[in-house]
Amino acid sequence: RIPTKIYSNSSLASIAVAKEISELIRERQQDGKHVVLGLATGSTPIKVYKELIRLHKEEGLSFSNVYSFNLDEYYPMQPDSLQSYVRFMEEQLFNHIDIPKSNYFIPSGTLPQDEIAAFCVEYEQKIENLGGIDFQLLGIGGNGHIGFNEPGSLQNSRTRLITLDQVTRAAAAGEFQGIQNVPRKAVTVGVSTIMKAKRIVLMGWGEGKSKIVATAVEGPITDQVPASYLQLHSNTTYVIDESCSSELT
Ligand code: F6R
């Protein structure tokens, strides 16, 4: 069974996750080495990013040795659009820390469709050239997706253009002023890309995620619940708050 760590609330949980990330960064700094982070967007990681910013501003944590690769981006999507994940990451984290602009990568939402496959190969190559992802942060979709690996995504899937699930588009409808404005596609890193990370932390907050978290942790490993693949990863922890733990046996 995947280890779960339950905190009384998401603020305390987020501080603990940020602490683990900051310790990894500092450890590598002492050895003169870099760190590769895999980062997520959405509501779940916001408090982790807030705490990382605080650690930078108040406790001298530097991100100068950090590379980061985001999980996904809508397609098509302009980087300066309100809903873009480039904009999200810059506003929630990158603009407030000292990570070099050339060190963070987010899947492209702007390339012509016939150039996406080559872009995805290059994205994975960049990760590998840097030694792979040391720490992957994940949220979980109500349908069990990780990144935008929707139900049906295979364990050996690579970074690619996918068609978004109706559940995912409905969840994003608010931000896009209606489901009709939510893009039908996205570029996401693959399940296999995620599974290669040396350490994975999946976070879940609130009652709303309690059922899918229990299914992913305790249910069968199936492509219908991509987060269940994490049962096969040897260094994954589900970090959840109390209300998100209510369906676990
Ligand atoms: C975001 C991502 C998604 C979200 C998931 C949960 O980069 O990859 O898998 O983590 O949809 O979203 P929130 O956190 O908004 O509930």
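Begin by selecting Gln177, which lies in the loop between helix α5 (166-171) and strand β8 (185-188) of what is a predicted model. Gln177 counts as exposed, because there are 11 C-beta neighbours inside 10 Å, and a residue is called exposed when that number is 12 or fewer. While Gln177 is on the screen, look at the backbone as well, since the phi angle of Gln177 is near 55°, a positive value in a residue other than glycine. Most residues other than glycine have a negative phi, and most peptide bonds are trans.

With that general remark in mind, select Tyr75 and Pro76 together, for a cis peptide bond joins Tyr75 and Pro76, with omega at about -5°. Pro76 is found in the loop that runs between strand β4 (72-75) and helix α3 (85-92).

Before going further, it helps to know how confident the predictor is in what you see. The mean pLDDT of the chain is 98, and 100% of its residues reach 70 or more. For the complex, the predictor gives an ipTM of 0.99 and a pTM of 0.98.

Next, colour residues 14-237, which UniProt lists, in an unreviewed entry, as "domain: Glucosamine/galactosamine-6-phosphate isomerase". If you mark the two ends of residues 14-237, you will find their C-alpha atoms 13 Å apart, and the span between them is 33% helix and 16% strand.

Now turn to the ligand and show the residues around it. There are 14 of these residues, and Thr41, Gly42, Ser43, Thr44 and Gly139 come nearest. When the shell around the ligand is sorted by residue type, it divides into five nonpolar, eight polar and one charged.

The next stop is the interior. In soluble globular proteins, nonpolar side chains tend to be buried together. Here the largest nonpolar core has 68 residues, and those with the most contacts inside it are Val17, Met89, Leu138, Ile140, Val201, Leu202 and Val213. Helix α1 (residues 10-30) gives the most to this core, with five residues. Select Val17 and look for its partners: leaving aside neighbours within four places in sequence, Val17 is in contact with Val48, Val201, Met203 and Val239.

Move on to Phe69 in strand β3 (residues 66-70). Is Phe69 buried or exposed? Phe69 counts as buried, because there are 24 C-beta neighbours inside 10 Å, and 20 or more are needed for that label. Not counting residues up to four places away in sequence, Phe69 touches Gly38, Phe105, Ile127 and Ile133. To see how the fold brings separate parts of the chain into one view, add Lys126, which is 57 residues from Phe69 along the chain, with 9.3 Å between the two C-alpha atoms.

Then select Ile194, which is found in helix α6 (residues 191-195). Ile194 also counts as buried, because there are 27 C-beta neighbours inside 10 Å. Its contacts, again without residues up to four places away in sequence, are Gln136, Ile146, Gly147, Val189 and Ile200. Of these, measure to Ile146 with the distance tool: Ile194 and Ile146 are 48 residues apart in sequence and 8.7 Å apart in space, C-alpha to C-alpha.

Continue to Ile116 in helix α4 (residues 116-129). Ile116 counts as partly exposed, because there are 19 C-beta neighbours inside 10 Å, whereas a buried residue needs 20 or more. Beyond the neighbours within four places in sequence, Ile116 is in contact with Leu111, Leu161 and Val187. Arg160 is worth adding to the view, since Ile116 and Arg160 are 44 residues apart in sequence and 7.5 Å apart in space, taken from C-alpha to C-alpha.

For the last stop, select Ala170, which lies in helix α5. Ala170 counts as partly exposed, because there are 14 C-beta neighbours inside 10 Å. How far apart in space are Ala170 and Val217, C-alpha to C-alpha? The two are 24 Å apart in space and 47 residues apart in sequence.

Note on methods: Residues are numbered from 1 along each chain as its sequence is written. This is a predicted model: local features need pLDDT of at least 70, side-chain atom pairs count only at pLDDT 80 or more; totals for chains, interfaces and linings use all residues. Helices (H or I, at least four residues) and strands (E, at least two) are DSSP runs, numbered from the N terminus. Two residues are in contact if their C-beta atoms, placed from the backbone, lie within 7 Å. A residue is near a molecule or strand if its C-beta atom, placed from the backbone, lies within 6 Å of it. Ala, Val, Leu, Ile, Met, Phe, Trp, Tyr, Cys and Pro count as nonpolar, Asp, Glu, Lys and Arg as charged, and the others, Gly among them, as polar. pLDDT is the predictor's confidence in each residue, from 0 to 100. UniProt positions are given in the numbering used here, feature names are shortened, and annotations may be inferred rather than shown by experiment. A nonpolar core is a set of buried Ala, Val, Leu, Ile, Met, Phe, Trp, Tyr and Cys residues joined through C-beta atoms within 7 Å.
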